[in-house]
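Visitor: I should like to be guided through this protein chain, one question at a time. Please explain each term when it is needed.

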Amino acid sequence: MKVSLVVATAGKSLGQVIPITLAQFVIGRDPQCNLRPASALISKRHCAILTKSGQVFVRDFDSTNGTFINDQPVKGELPLQHDDVLKVGPLAFKVQIEGAASISKPTPPPQSAASADDEAAAAMLLGLQDDTGAGGEGNAGSDSAVPSGSTVFDLPNPVTGTGEAPAAGSDDKNAAAKKPDAKAAAASASKAAESLLAKYTRRQR
């Protein structure tokens, strides 16, 4: 966490950034103070900026002209927030706090765990979908010996000896071609029977 004070009082020091690098940063006219403004309106030990437990506070040392946060007088110790205006006697500072943990919107561990579980569940679902798709492709790859097209066209035709399927209706034509032979055989048989019958009838006469 980075804490600093930006001088907001008009003058040569306007905009000057004062980094707060100590856990207790004392402001006052005393030579032992960390920040020593040259103003008689500031007490020897006026106030201190305290950094502890990831938060920033200001403590007033019962100064003569007081310490203020956003024009509110500080009695004892009060927390400082980012962009607060800190007044020490006649001087004004803009509080800059970088990387501070949000107090108003904390991130509780259970919520993080729940979101992690949700992400894990979503990843599992995606994994199942991927496995299903991969399985389909894998099966196709394992059956690579099977022709990808229609097996009817890829297998040799026992009638023609080629890889083409017999033309539609070819079986019907073959059957039709065989039918006249059967009729002819039946006709010849009937003729033979008639001739035999004729011979027997002639003999009886």
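Visitor: Where is the place of Gly89?

Guide: The model shown is a predicted one, in which local features need pLDDT of at least 70 and side-chain atom pairs count only at pLDDT 80 or more, while totals for chains, interfaces and linings use all residues. Residues are numbered from 1 along each chain as its sequence is written, and side-chain values use heavy atoms, with hydrogens and water left out. Strands here are DSSP runs of type E with at least two residues, and helices are runs of H or I with at least four, numbered from the N terminus. On that numbering, the place of Gly89 is the loop between S9 and S10.

Visitor: Does Gly89 count as buried, exposed or partly exposed?

Guide: A residue is buried under 20% relative accessible area, exposed over 50%, and partly exposed in between, judged with a 1.4 Å probe and protein chains only. Gly89 has 21% relative accessibility, so the residue counts as partly exposed.

Visitor: Which residues are in contact with Gly89, leaving aside its neighbours within four places in sequence?

Guide: Contact means heavy atoms within 4.5 Å. The C-alpha atoms of Gly89 and Asn65 are separated by 5.3 Å, although these residues stand 24 apart along the chain. With the neighbours within four places set aside, the contacts of Gly89 are His46, Asn65 and Gly66.

Visitor: Which side chains make polar contacts with the side chain of Thr67?

Guide: Thr67 is found in strand S6, residues 67-69, and counts as buried at 1% relative accessibility. A polar contact is a pair of N or O atoms within 3.5 Å; within protein, one must be able to donate a hydrogen and the other to accept it, and residues adjacent in sequence count only if both atoms are side-chain atoms. The side chain of Thr67 makes one such contact of 3.5 Å with the side chain of His46, and another of 2.6 Å with that of Asp60.

Visitor: What is the strand order of the open sheet of 6 strands?

Guide: Two strands pair if DSSP finds at least two bridges between them. In this sheet the pairing is antiparallel. The edge strands, each pairing on one side only, are S2 (17-20) and S7 (72-73). The order is S2-S1-S10-S9-S6-S7.

Visitor: Which residue in S10 is the bridge partner of Val6?

Guide: Strand S1 (residues 2-7) and strand S10 (residues 91-98) pair in the antiparallel sense over 6 bridges. In S10, the partner of Val6 is Lys94.

Visitor: Which residue in S5 stands opposite Ile49?

Guide: S4 is joined to S5 by 6 bridges, and the two run antiparallel. They form a hairpin with 2 residues between them, and Ser53 in the turn has a positive phi of about 55°. Opposite Ile49 in S5 stands Val58.

Visitor: Which residues have the most contacts inside the largest nonpolar core?

Guide: A nonpolar core is a set of buried Ala, Val, Leu, Ile, Met, Phe, Trp, Tyr and Cys residues joined through side-chain atoms within 4.5 Å. In soluble globular proteins, nonpolar side chains tend to be buried together. The largest core has 20 residues, and the elements giving two or more residues to this core include S3 (24-27), S4 (47-52), S5 (55-60) and S9 (85-88). The residues with the most contacts inside this core are Leu5, Ile27, Ile49, Val58 and Leu86.

Visitor: How many disulfides does the structure hold?

Guide: A disulfide is a pair of cysteine sulfur atoms within 2.5 Å. The sulfur of Cys33 is 9.1 Å from the closest cysteine sulfur, that of Cys47, which is too far for a bond. Cys33 counts as buried at 4% relative accessibility, and Cys47 counts as buried at 0%. The number of disulfides is 0.

Visitor: How many helices and strands does the chain have?

Guide: From the N terminus on, the elements run β-β-β-β-β-β-β-β-β-β-α-α-α. Buried residues make up 20% of the 205 residues in the chain. The secondary structure comes to 3 helices and 10 strands.
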